[in-house]
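Visitor: Please take a close look at the disulfides in this model. Tell me how the cysteines are placed, and then show me what lies around them along the chain.

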Amino acid sequence: PPVMLLELLVQAACVSLFLPGGQGRVYPGRKKPASFAVERRRVGPHVCFSGFGSGCCPGWMLAPGSGQCTLPLCPFGCGSGFCIAPNLCSCPDGEQGITCPEPPGTCGEYGCDLSCNHGGCQEVARVCPLGFSMVETANGIRCTDIDECLSAACEGLCVNTEGGFVCECGPGMQLSADRHSCQDTDECLATPCQHRCKNSVGSYRCSCRPGYHLHGNRHSCV
């Protein structure tokens with residue numbers, strides 16, 4: 001097909017031109033097309049020319065300052081690195097390749113979401129799980145555990161857990177159905193006394209029937 005033939009002709013005519021002493025030189029074995037004289041000459045390294053004129057060789061583009069074909073192209077992008085040759089990136093970690101890995105995002109371990117309104121979009125951190133708050137650190141935004149015991153209304157002892165808290169009650173008391181308040185445990189239901197048991201808030205007391213006295217262990221009768 002004509003298109004493939006044209007591409008082969010362009011590749012076959014690709015040479016580099018240099019300017020020693022200000023004069024252009026063509027490598028031997030190549031013949032300048034007749035139309036080259038009427039086209040605007042492009043000089044410098046990495047220049048290709050054909051019957052249609054001259055231009056940058058594949059993988060190179062014009063540098064804004066000099067106007068010469070000295071700026072390499074890396075079509076895959078170099079991310080946080082920079083392009084040093086066609087399809088060759090120099091990365092911040094010292095490695096080289098056709099591209100560089102993207103730097104870690106600033107949204108932290110829970111990643112980013114796009115928040116869009118009124119035609120504009122911005123990256124925002126995903127919502128932290130319940131019981132966690134968003135904190136900005138040197139390594140980005142993180143979700144850290146909230147100490148609910150600073151504001152929790154536990155009647156007894158408050159124990160902070162990851163993502164929440166639990167209330168605990170002291171000896172002789174048990175947690176109510178609301179999981180916050182404490183209520184007395186009736187220890188007498190477990191029959192700890194040999195004869196009689198009297199329950200009290202947070203405790204109990206044993207006693208004996210007439211003719212007996214309480215043993216030193218406070219539970220048996222003698």
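Guide: A disulfide is counted here when a pair of cysteine sulfur atoms lies within 2.5 Å. Cys116 and Cys121 meet that cut-off, with their sulfur atoms 2.1 Å apart. One caution before going on: this is a predicted model. Every value below is computed from it.

A search of the whole structure finds twelve disulfides. Three of them, including the Cys116 and Cys121 link, are taken in turn here.

Start with Cys116 and Cys121. The torsion about their S-S bond is about 115°, so this disulfide is right-handed. How accessible are the two cysteines? Cys116 has a relative accessible area of 45% and is partly exposed. Cys121 reaches 53% relative accessibility and counts as exposed. The cut-off for exposed is over 50%, so Cys121 passes it, while Cys116 stays in the class below.

Next, Cys56 and Cys69. Their sulfur atoms are joined in a disulfide, S to S 2.1 Å. The torsion here is about -80°, so the link is left-handed. Which parts does the pair tie together? Cys56 sits in strand β2, residues 53–56, and Cys69 in the loop between β3 (60–61) and β4 (71–72), so the disulfide connects parts 13 residues apart in sequence. The two ends differ in cover. Cys56 is partly exposed, at 24% relative accessible area. Cys69 is buried, at 0%.

Strand β4 leads on to a surface feature. Leu71 lies in that strand. With Met61 and Leu73, Leu71 forms a nonpolar patch on the surface. Together the three residues have about 220 Å² of accessible area. Leu71 itself counts as partly exposed, at 34% relative accessibility. Patch members need over 30% relative accessible area, so Leu71 qualifies at 34%.

The third link is Cys169 to Cys182, S to S 2.0 Å. With -90° about the S-S bond, this disulfide is left-handed. Cys169 lies in the loop between β13 (164–168) and β14 (173–175), and Cys182 in strand β15 (residues 182–184), so the pair ties together parts that are 13 residues apart in sequence. Cys169 is partly exposed, at 21% relative accessibility. Cys182 counts as buried, at 13%. Buried means under 20%, so Cys182 falls inside that limit and Cys169 falls outside.

Strand β15 ends at residue 184. The UniProt record, an unreviewed entry, places an EGF-like domain at residues 184–218. What is the secondary structure of that stretch? Over residues 184–218 the chain is 0% helix and 31% strand. Its end C-alpha atoms are 21 Å apart. Arg218 is found in the segment after β17 (203–207). Its phi is near 65°, a positive value in a residue other than glycine. Arg218 counts as exposed, at 54% relative accessibility.

Most residues other than glycine have a negative phi. His46 is another residue with a positive value, about 60°, although it is not a glycine. His46 is found in the loop between α1 (2–12) and β1 (47–50). His46 is partly exposed, with a relative accessible area of 24%.

Now the sheet formed by β5, β6 and β7. These three strands make an open sheet in the order β5-β6-β7, with antiparallel pairing. β5 (82–85) and β7 (96–97) stand at the edges, each with a single partner strand, so one side of each has no neighbour in the sheet. Strand β6, residues 88–90, is joined to β7 by two bridges, and the two run antiparallel. In this pairing, Ser90 stands opposite Gln96 in β7. Strands of a sheet pair through backbone hydrogen bonds, either parallel or antiparallel.

One more loop deserves a look. Glu148 is placed in the loop between β11 (140–145) and β12 (157–161). Is Glu148 buried or exposed? Glu148 counts as buried, at 14% relative accessibility. Glu148 and Glu162 are 14 residues apart in sequence. In space they are 9.8 Å apart, C-alpha to C-alpha.

Back to the request. Among the twelve disulfides, the Cys116 and Cys121 link is right-handed. The Cys56 and Cys69 link is left-handed, and the link of Cys169 and Cys182 is left-handed too.

Conventions: Residues are numbered from 1 along each chain as its sequence is written. This is a predicted model: local features need pLDDT of at least 70, side-chain atom pairs count only at pLDDT 80 or more; totals for chains, interfaces and linings use all residues. Side-chain values use heavy atoms; hydrogens and water are left out. UniProt positions are given in the numbering used here, feature names are shortened, and annotations may be inferred rather than shown by experiment. Helices (H or I, at least four residues) and strands (E, at least two) are DSSP runs, numbered from the N terminus. Two strands pair if DSSP finds at least two bridges between them. Buried means under 20% relative accessible area, exposed over 50%, partly exposed in between (1.4 Å probe, protein chains only). Patches are made of residues with over 30% relative accessible area and no salt bridge: like charges are joined within 9 Å, nonpolar side chains (Val, Leu, Ile, Met, Phe, Trp, Tyr) within 5 Å. Accessible areas come from the Shrake-Rupley method with a 1.4 Å probe; for residues, only the protein chains shown count as cover. A salt bridge is a side-chain nitrogen of Lys or Arg within 4 Å of a carboxyl oxygen of Asp or Glu.
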